[in-house]
Amino acid sequence: MPEFKEYKTFIGGEWVAAQSGETFESEDPYTGEPWALIPRCGADDVDRAVRAAYDAWDAGPWADMTATARGRLLRKLGDLIAENAEHLAEIEVRDNGKLISEMLAQCKYLPEWYYFYGGLADKIEGSVIASDKPDTFNYTLREPVGVCAMITPWNSPLLLVGWKLAPALAAGCTCVLKPSEFTSASLLEFMKLVEEAGFPPGVVNVVTGTGREAGEPLVTHPGVAKVAFTGGGSTGRQVYEQAAQGLKKVSLELGGKSPNIVFDDCVLEDAVNGAISGIFAATGQTCIAGSRLLVQETIHDEFMERLVEVASTARMGDPKRAETQVGPVTTPPQYEKVLEYIDIAKNEGATCVLGGGPAGADEGGGKYFVKPTIFDNVKNDMRIAQEEVFGPVLSVITFKDEEDAIRIGNDVVYGLAAGVWTQSLNRATVMAKRLRAGTVWVNTYRAVSVTAPFGGYKQSGIGRENGQEAIEQYLQTKSVMINTGAGAGNPFVMKVAGSS
Ligand code: NAD
């Protein structure tokens, strides 16, 4: 039996309980057993965390630190993550039930965010403006926006924190993190590394708890200048509305219903593997899931036969074992939601050609397991084609030609990602241009990179994470004008171009 853990949270450089003394349990989705106790933070803890972050941003060692020193701290944190990647991955698996192979790959890659943005910290530069006014020296300063609230979901807890935290710290902001109530433990383990790296107190703080009790007061707190949110669309909308009351800066990474498009000139084996990795990897619990598989009608039968053959070999089981390929659904409400969508698809008249229900122990399943499920003959106006399931459920839609694929691919409110399988370079570039998605993969899927901007078109989000562009979310520009001439001029007339 693994040790039952009791966590404290990290506010103002100290390990503390919630001020109410209340806690909640974190459940292992594979065993269904509670394995950790987490502080249940409320508005008073949020207030304490935001104040600590505000003070650290406003004055003191962090505010005075050079960008080069900030970058060095970030890189040190990257080294500590690299040293502890296996430990962090094990905690993530216990919390979210995703495969150890997936979480280990994520945790081993995670240091790159802290190296990349650590390197970028002292390359943030203002400019000298070629002013249209004589006797005026005009330059810009790029300054941190202030305290950033970062709210994250349960599917890739530390990775999605890294996408926000690393650029924000590089920019000189301070942060209050609110992890999902289903997966708080890995962030609290991570905070031990933040402390060890030597970040000054208050620079990074955590409030654990529910969306209502900890998330909402964080979004609405007047000390917060910017909200960076990853999660579901309806929560994202609420967060956007609440942040608007305080005119806060907001970036949102929301859901998707991404088309993975297979043309008849593809390499069939690669496209089959790409379709499977697009939906069954991570038990379909990824925002970029290729949950709408568009197959050209000329290869439909051959492709489907091979797809079902390969998908039916997926090994379900304990996510902590390296050989497992499909693990449990992470949370009980999510499990219910996935099963409900399977019923919806059946009632809509889609043809279930694989799976289609819970997986029992004899199939390697357990408490919250859903069989890898494929629906054929899906029409794009069905709910199963339009709404995000966030589970191992694939909808297959046939199309005639490029034009048809583009029309169906774009006919959805989301625009997070898309996949294209073809050997034609011309077709690949046409599709990449015309698909309305923040990321288009050609002959690959789920390739995410620290250097590549990531985010949503349409209702999949606002703003970009990753790449150099992400740091812009955490900066604001100040224009400084110095009069280099004599006298201040006529006090009753605005200085306009050409006047002195
Ligand atoms: P969720 O929206 O239920 O919760 C996300 C976070 O918001 C949690 O920390 C939650 O506690 C908090 N929250 C809930 N209500 C809140 C409120 N009123 N105010 C402030 N915070 C609140 O999402 P989830 O179920 O944890 O995650 C799944 C969703 O996340 C899916 O829709 C998925 O597509 C999306 N997602 C998007 C990306 C991306 O980068 N685009 C990545 C991963 C997941």
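Buried here means under 20% relative accessible area, exposed means over 50%, and partly exposed is whatever sits in between. The model in these views is predicted.

**View 1. Cysteines without disulfides.** Cys41 has 0% relative accessibility, so it counts as buried. Its sulfur has no disulfide partner: the nearest cysteine sulfur belongs to Cys175, and that one is 17 Å away. Cys173 also comes out at 0% relative accessibility and therefore counts as buried. For Cys173, the nearest cysteine sulfur is that of Cys148, 3.8 Å away, and Cys173 is in no disulfide. The cut-off for a disulfide is two cysteine sulfur atoms within 2.5 Å, and by that rule the count comes to zero.

**View 2. The whole chain, for orientation.** Secondary structure adds up to 16 helices and 21 strands. The radius of gyration is 25 Å, close to the 23 Å that the globule rule gives for 500 residues, so the chain is as compact as a globular protein of that length. Its C-alpha atoms fill a box of roughly 80 × 55 × 40 Å along the principal axes. Of the 500 residues, 55% count as buried. For a sense of distance, take Glu305 and Asp55: they are 250 residues apart along the chain, and their C-alpha atoms are separated by 61 Å.

**View 3. Helix α8, mostly under cover.** This helix runs over residues 185-197, and its 13 residues at 1.5 Å each should span 18 Å; the end C-alpha atoms are 19 Å apart, which agrees. Of those 13 residues, 10 are buried. Among them are Leu187, Leu188, Phe190, Met191, Leu193 and Val194, but also Ser186 and Glu189. Just after the helix, Gly198 takes a positive phi of about 100 degrees.

**View 4. Arg306 and its two acidic partners.** Side chains of opposite charge can pair when their charged atoms come close. Arg306 meets Glu269 in a salt bridge, with N to O at 2.9 Å. This pair links distant parts of the chain, since Arg306 sits in helix α12 and Glu269 in helix α11 (residues 268-279), 37 residues apart. Arg306 also forms a salt bridge with Glu309, where the closest N and O atoms are 2.7 Å apart. Glu309 and Arg306 are three residues apart in helix α12, so about one helical turn separates them. How accessible are these side chains? Arg306 counts as partly exposed at 25% relative accessibility, Glu269 as partly exposed at 37%, and Glu309 as partly exposed at 43%. Glu305, also in helix α12 (residues 300-311), is exposed with a relative accessible area of 57%. The salt-bridge count comes to 23.

**View 5. A one-turn salt bridge in helix α15.** Asp404 and Arg407 meet side chain to side chain in a salt bridge, 2.7 Å from N to O. They are three residues apart in helix α15 (residues 402-410), so the separation is about one helical turn. The two ends of the bridge fall into opposite classes: Asp404 counts as buried at 14% relative accessibility, while Arg407 is exposed at 52% relative accessible area. Elsewhere, salt bridges with shared partners join Lys5, Glu189 and Lys192 into one network.

**View 6. A nonpolar patch on the surface.** Val128, Phe137 and Ile482 make a nonpolar surface patch of about 260 Å². Phe137 belongs to strand β7, residues 136-144. At 36% relative accessibility, Phe137 counts as partly exposed.

How values were computed
Residues numbered from 1 in each chain as written. Predicted model: local features only at pLDDT ≥ 70, side-chain atom pairs only at ≥ 80, totals over all residues. Heavy atoms only, no water. Patch = residues over 30% accessible without salt bridge, like charges linked within 9 Å, V, L, I, M, F, W, Y side chains within 5 Å. Areas by Shrake-Rupley, 256 points an atom, 1.4 Å probe, with all protein chains shown as cover. Salt bridge = Lys/Arg side-chain N within 4 Å of Asp/Glu carboxyl O. Helix = DSSP H or I, 4+ residues; strand = E, 2+ residues; numbered from the N terminus. Buried < 20%, exposed > 50% of the residue type's maximum accessible area, 1.4 Å probe, protein only. Expected span 1.5 Å × (residues − 1). Rg over C-alpha atoms; globule rule 2.2 N^0.38 Å.
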